[in-house]
Amino acid sequence: MSAILEIFAAIPYDQVLIQTVNGIVTGMILALVASGLTLIFGIMDVVNFAHGELFMLGAYIGVVVLATTGSFWLALLIATLIVALLGAALQIVTLRPLLGRDPLTTILATFGVSLVLQNYALWQFGPVARKIQEPITGSFQLLYLEYPWYRLLIAALSAAIIGALWLFLKFGTWGIWIRAATQDRVMAQAMGIPVPWVHTGVFAIGAGMAAASGVLFGPLVGVTHAMGLDWVLKAFIVVVVGGMGNLGGSIAAAVFISLLEAYASIWVSPAQAVIVSFVVLILTLLIRPTGLFVPTPK
Amino acid sequence: MANDLNDQDSSYEFWRSGKVTRRRLVGWGAGVLGATILAPAPWRAAFGQAKPYKIGTIQPLSGPGAVGGKTALIGVQMAADRINKSGGINGRPVELVVADDESKPDVGRRKAQKLVDDDKIDVQVGGFLSNICLACMPVWEEARIVNIISVCLDTTLTTSKCNRYSFRPSDYAPAQAVAFAPYLVNQMGKKWHIVFADYAWGQSTRDAYVAQIRKAGGEVVGATGIPLGTADMTPFLSKISGNFDGLLGVFATDGVTVGNQVYDLGLTRKYKWAGDGAIAESTNLPALGNKIEGFVGINRYLPVLEGPLDTPAHRKFLEEASVRLKKIDPTGPLPDRYVQSNYESMNALKLGMEKSGFRGREDTMKLIEALEGLEMKEGDDFPQGDKVLRKEDHQAFVREFIFEIRGGRHRIVETVAKEKTLFPPACKFPAA
């Protein structure tokens, strides 16, 4: 009994609280990035390697709109819409012609697009990092830390955007078409659903969500051509663990993995805590390759 | 119209008169080519004088390091253009062969090998990320090519991993620590926590500061390493707490991220905030805004015209570099230390090549001897100030500037003479 009490006494509760908040906030940002990625995979079977560059492009467009209008919210909205349109154009030009071909070709195509976009950003905007001013400043005392309100706002906005997407998929006409195309592409087409346009729409939505996350995350890091790299690597892990193409699973996996990493970082260095994500990824692939958060088929 | 007809006529004459046929033209071409190949040796030597020196430069022009690599390249190009305008080196022009290491050590090493084997470079000036400099060092050594390290600050490059072929005409971590530690301990606080970029340069800089802060009478109570390229540093930074006076940051390409997030979590209000000047590099200031106010740093170069940097040579350098930077970045940033050290490294090489009468790779040993102990005098070639390349380890010592960010600008707080940055050599060259 005393040993158990000693273990409980040894837990640094201040760290547990701080890391819980960190884990949830990071998880929600990650969920927003991963939801676009998983949506595109679920409908189109396309692993979008350009997702990080769409994230970065959204942030750059946010910088330009913010400088012009002075409104963060307008920057968020316009960047999302522009990158969604760009996503639609990219899908029509690069991915639609590859429909039905070996999935490797789409991987190569999106990888090519990622290189083009990254170098375009470097050429167009230059190497100097840009700033997106956060819409709210200030912080609250979280034990020994001053925790910025803006981080909580990002988590709330990510939840709101994902919630809106869920409502759209559940009740919107296009949402129903998207779900139908996910379940059975051929049958959906036979029923008169314009599947090629559904694909275009899905890619646009995924691109728009990447752009929104780029604008939201911009104030924390500064906007550079390489800002999407770190997030997209994690988002890929989340998508696999959550179940490729499973939106709810990806959100759950994002929060789950972020919390696991956050708790692990209490006892080990956060750099080593990242190993936890990879362990979960490997275990998922070994034990439940369809994803941890996918319901077992009956 | 008449002219056109005349032209047509003369063209017709030329091709159809029977004097010049396609067959004859090919024959003459072959003859000229053969004569060039078979020309006697003295002629070849005479033509060889006009042959440009091929100078390779490896920089991170894509990937996360491109933020600094792009400005670094400006420095090399600026020096090369200036050299060519003033008649070249030993009467021969300079041709830059640029290679992009993509911010990856394996790619860097492959590109270095390509510069050696395919591009047949005479020397190399460049290197930005220390892990890439370390990966490429054996390539230069094996090919017996002089390698002028222009940015990489990792300590081991001129200590435990030094070799006869590599030179660093700028500063390195121990020299910065020797220069900065007394100020940190005497002016800012005794107890420090170091937060650093967790790779070769960051680790060696951490070690240097631990030693020098202790030597100055202070104490390092903790250190937090953050992997290169980490976008969200909050899990790392939120673990930093306790009783100490100051937080010392050692970051370069992630300077904006750490600057923003350290401020957001209130650490800059709780502790004194100091660190490597790369955090507050001129190219980072726009993205940091007022979050970097009050930061105290050390740097070998600042883009300000005040104190010892208020010289005509520096003004000229600053103006020309600013014009060039504006061409690659519409915000028009001021030059950073990467522009400066690449510019000066190229000029150091020029001095060495002139002194040794360098002709090509066959004269590498002569060039090495000329560079060992090379003295560089403040002026148009070296606007940062005087420097000497120490013979024992091929490491230069330069004056350092301790600065504070006030009103969004660098203000020099103290200038540390190069003699006060000296650190004993710890290099034993491998036998050739």
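## Long-range contacts and make-up of chain B

In chain B of this predicted model, residues 24 or more positions apart account for 70% of the contacts with a separation of 6 or more. The chain has 432 residues, of which 57% count as buried. Its secondary structure consists of 15 helices and 15 strands.

## Salt bridges

Side chains of opposite charge can pair when their charged atoms come close. Over all chains, the count comes to 27 salt bridges.

One of these salt bridges is formed by the side chains of Glu146(A) and Arg269(B), with a distance of 2.8 Å from N to O. Glu146(A) belongs to strand S2 of chain A, residues 145-148, while Arg269(B) belongs to helix H11 of chain B, residues 267-270, so the pair joins two chains. Both ends of this bridge are partly exposed: Glu146(A) has a relative accessibility of 22%, and Arg269(B) has one of 43%.

A salt bridge within chain B links Arg82(B) to Asp381(B), whose closest N and O atoms are 2.8 Å apart. This pair connects distant parts of the chain, since 299 residues separate Arg82(B), in helix H4 (residues 66-85), from Asp381(B), in the loop between strand S11 (375-376) and strand S12 (387-389). Arg82(B) counts as partly exposed at 27% relative accessibility. Asp381(B), at 15%, counts as buried, because the limit for that class is under 20% relative accessible area.

Chain B also holds a salt bridge between the side chains of Arg359(B) and Asp363(B), at 2.9 Å from N to O. Here Arg359(B) is partly exposed, with 48% relative accessibility, whereas Asp363(B) is buried, with 3%. In addition, Glu134(A), Asp264(B) and Lys291(B) are joined into one network by salt bridges that share partners.

## Asp276 of chain B

Asp276(B) is situated in strand S9 of chain B, which spans residues 272-276. With a relative accessibility of 1%, Asp276(B) counts as buried. Its side chain makes a polar contact with the side chain of Arg337(B), at 3.0 Å.

When neighbours within four places in sequence are left aside, the residues in contact with Asp276(B) are Gln176(B), Trp201(B), Gly249(B), Val250(B), Phe251(B), Phe295(B), Ile298(B) and Arg337(B). Arg337(B), the partner in the polar contact, thus appears in this list as well. Residue 337 is also where helix H14 of chain B begins, a helix that covers residues 337-356.

## Residues with positive phi

Asp45(A) is not a glycine, yet its phi is positive, at about 60 degrees. This residue lies in the loop between helix H2 (13-44) and helix H3 (51-69) of chain A. Asp45(A) is partly exposed, with a relative accessible area of 44%.

In chain B, His394(B) likewise has a positive phi, near 60 degrees, in a residue other than glycine. His394(B) is located in the loop between S12 and strand S13 (396-397). Unlike the partly exposed Asp45(A), His394(B) is buried, with a relative accessible area of 0%.

## Helix packing

In chain A, H2(A) packs against helix H11, residues 247-267, at an angle of about 150 degrees, and the two axes are 7 Å apart. The crossing of H2(A) with H11(A) is right-handed. Among the residues of this contact, 13 are nonpolar and eleven are polar, with no charged residues.

In chain B, helix H14 (residues 337-356) and helix H15 (residues 364-371) cross at roughly 115 degrees, and their axes come within 8 Å. The crossing of H14(B) and H15(B) is right-handed. On the side of H14(B), the contact involves Ala348(B), Leu349(B), Gly352(B), Met353(B), Lys355(B) and Ser356(B); these meet Lys366(B), Leu367(B), Ala370(B) and Leu371(B) of H15(B). The residues of this contact divide into six nonpolar, two polar and two charged.

Terms used:
Residues numbered from 1 in each chain as written. Chains lettered and ligands numbered in written order. Predicted model: local features only at pLDDT ≥ 70, side-chain atom pairs only at ≥ 80, totals over all residues. Heavy atoms only, no water. Salt bridge = Lys/Arg side-chain N within 4 Å of Asp/Glu carboxyl O. Helix = DSSP H or I, 4+ residues; strand = E, 2+ residues; numbered from the N terminus. Buried < 20%, exposed > 50% of the residue type's maximum accessible area, 1.4 Å probe, protein only. Polar contact = N/O pair within 3.5 Å; in protein donor to acceptor, adjacent residues only side chain to side chain. Contact = heavy atoms within 4.5 Å. Axes fitted to C-alpha atoms, helices over the stretch in contact; angles between N-to-C directions. Left-handed = near helix turned anticlockwise from the far one by under 90°. Nonpolar A, V, L, I, M, F, W, Y, C, P; charged D, E, K, R; others polar.
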